[in-house]
Number of protein chains: 2
Amino acid sequence: MEYYMRYYEDIELGDSWHNGAHRVSKEEIIGFARQWDPQPFHIDEQAARDSVFGVLTASSVHTYAISSLIASRSENEIAAVAMLGMEVSFPNPVRVEDDITLETECIEKRASRSRPEVGVMKTRARMLRGDGEIVMKMDATFLVARRPEPAPATPV
Amino acid sequence: MEYYMRYYEDIELGDSWHNGAHRVSKEEIIGFARQWDPQPFHIDEQAARDSVFGVLTASSVHTYAISSLIASRSENEIAAVAMLGMEVSFPNPVRVEDDITLETECIEKRASRSRPEVGVMKTRARMLRGDGEIVMKMDATFLVARRPEPAPATPV
């Protein structure tokens, strides 16, 4: 797969961008949960009806995975090389047939003191359902590759 | 699958427990990343050698998923009914053949003001590799089911 990656130099403080959408299927919710978070209310529709949400909902891991999937499919993908940490909240659940989009803003960036080939970046993201409700807020801090130096031209 | 679930009443402030282990395979790292975070250094060993870690590493989503998997297989599983939010850091990466374990402590608990059937709980977790290095720290806040009232005995 060929795609354009944005390096540390390509993103300015305050830049923001939109990505998406990903439509979530029942099979995806159940399949993900069976493998990684097999709670009855993520894999069984009857148990989901009796749950606090009353319907089948994606697990928190799956919700975070959807944000990663959407970002990876984006033309705006950042050349992240290591995730350092994040603060995440899940104000509303992801449900079957929700169309999910992602809004991201660069809220901090600085050169790395110890690694000249990377920068440290913090982004603030909101992930939304089609009805406009927020399903995830995330501040994430990660290392981003700096643009490689062009190879020196050979003198003629 | 039948297992014992711990309700809000079953966990005291300061309680801690250990879970695990899960051995991470190369196929699991590559398979997860192909589906949810297809960065070259998560799915290609040559790209991984050229990455900041120098070896194949699990994505952050996969690392979080492993914690969820380990918790779900545990005899100590908490009857969590909704994840509200979390603060996570990834001090070291998960690598091929790492044996992952999870240590969790209850650091806050309180009744819910609006929902008598649940409590709010905060746990602090550390996930470790076999060599003792921490691969994830997580403070997670979630709703936990309260123990259901026994059905009233029928007077005879």
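**View 1. A salt bridge between strands E4 and E5 in chain A.** In this predicted model, A:Arg124 and A:Asp139 bring their side chains together in a salt bridge, with N and O 2.8 Å apart. The two partners sit 15 residues apart along the chain, A:Arg124 in strand E4 (residues 118–128) and A:Asp139 in strand E5 (residues 134–145). What about exposure: is A:Asp139 buried or exposed? A:Asp139 is buried, at a relative accessible area of 15%. A:Arg124 is partly exposed, at 43%. If you want the cut-off behind those words, buried means under 20% relative accessible area, so A:Asp139 with its 15% gets that label.

**View 2. The pair B:Arg124 and B:Asp139 in chain B.** Here B:Arg124 forms a salt bridge with B:Asp139, and the closest N and O atoms are 2.8 Å apart. The contact links distant parts of the chain: B:Arg124 belongs to strand E4 of chain B and B:Asp139 to strand E5, with their positions 15 residues apart in the numbering. As for accessibility, B:Arg124 comes out at 44% and counts as partly exposed, while B:Asp139 comes out at 15% and counts as buried.

**View 3. A loop-to-loop salt bridge in chain B.** Zoom in on B:Arg95 and B:Asp131, whose side chains meet in a salt bridge at 3.4 Å, N to O. Which parts of chain B does this pair link? B:Arg95 lies in the loop between strand E2 (80–89) and strand E3 (99–111), and B:Asp131 lies in the loop between strand E4 (118–128) and strand E5 (134–145), 36 residues apart. B:Arg95 is partly exposed, with a relative accessible area of 26%. B:Asp131 is partly exposed too, with a value of 44%.

**View 4. A salt-bridge network in chain A.** Which residues are linked here in a network of salt bridges? The members are A:Arg95, A:Asp98, A:Arg129 and A:Asp131. For the wider tally, the count over all chains comes to 24 salt bridges.

**View 5. Cis peptide bonds at Gly20 and Ala21.** If you like checking omegas, this is the spot: a cis peptide bond joins A:Gly20 and A:Ala21, with omega about 0°. A:Ala21 is part of strand E1 (residues 16–23) of chain A. Over in chain B, the peptide bond from B:Gly20 to B:Ala21 is cis, and its omega is near 0°. B:Ala21 is placed in strand E1 (residues 16–23) of chain B.

**View 6. Positive phi at A:Glu97.** What is the sign of phi at A:Glu97? Phi is positive here, about 70°, even though A:Glu97 is not a glycine. The residue to look for is in the loop between strand E2 (80–89) and strand E3 (99–111) of chain A. A:Glu97 has a relative accessible area of 43%, which makes it partly exposed.

**View 7. Positive phi at B:Glu97.** Turning to chain B, B:Glu97 has a positive phi of about 70°, again without being a glycine. You'll find B:Glu97 in the loop between E2 and E3 of chain B. At a relative accessible area of 45%, B:Glu97 is partly exposed.

Terms used:
Residues are numbered from 1 along each chain as its sequence is written. Chains are lettered from A and ligands numbered from 1 in the order in which they are written. This is a predicted model: local features need pLDDT of at least 70, side-chain atom pairs count only at pLDDT 80 or more; totals for chains, interfaces and linings use all residues. Side-chain values use heavy atoms; hydrogens and water are left out. A salt bridge is a side-chain nitrogen of Lys or Arg within 4 Å of a carboxyl oxygen of Asp or Glu. Helices (H or I, at least four residues) and strands (E, at least two) are DSSP runs, numbered from the N terminus. Buried means under 20% relative accessible area, exposed over 50%, partly exposed in between (1.4 Å probe, protein chains only).
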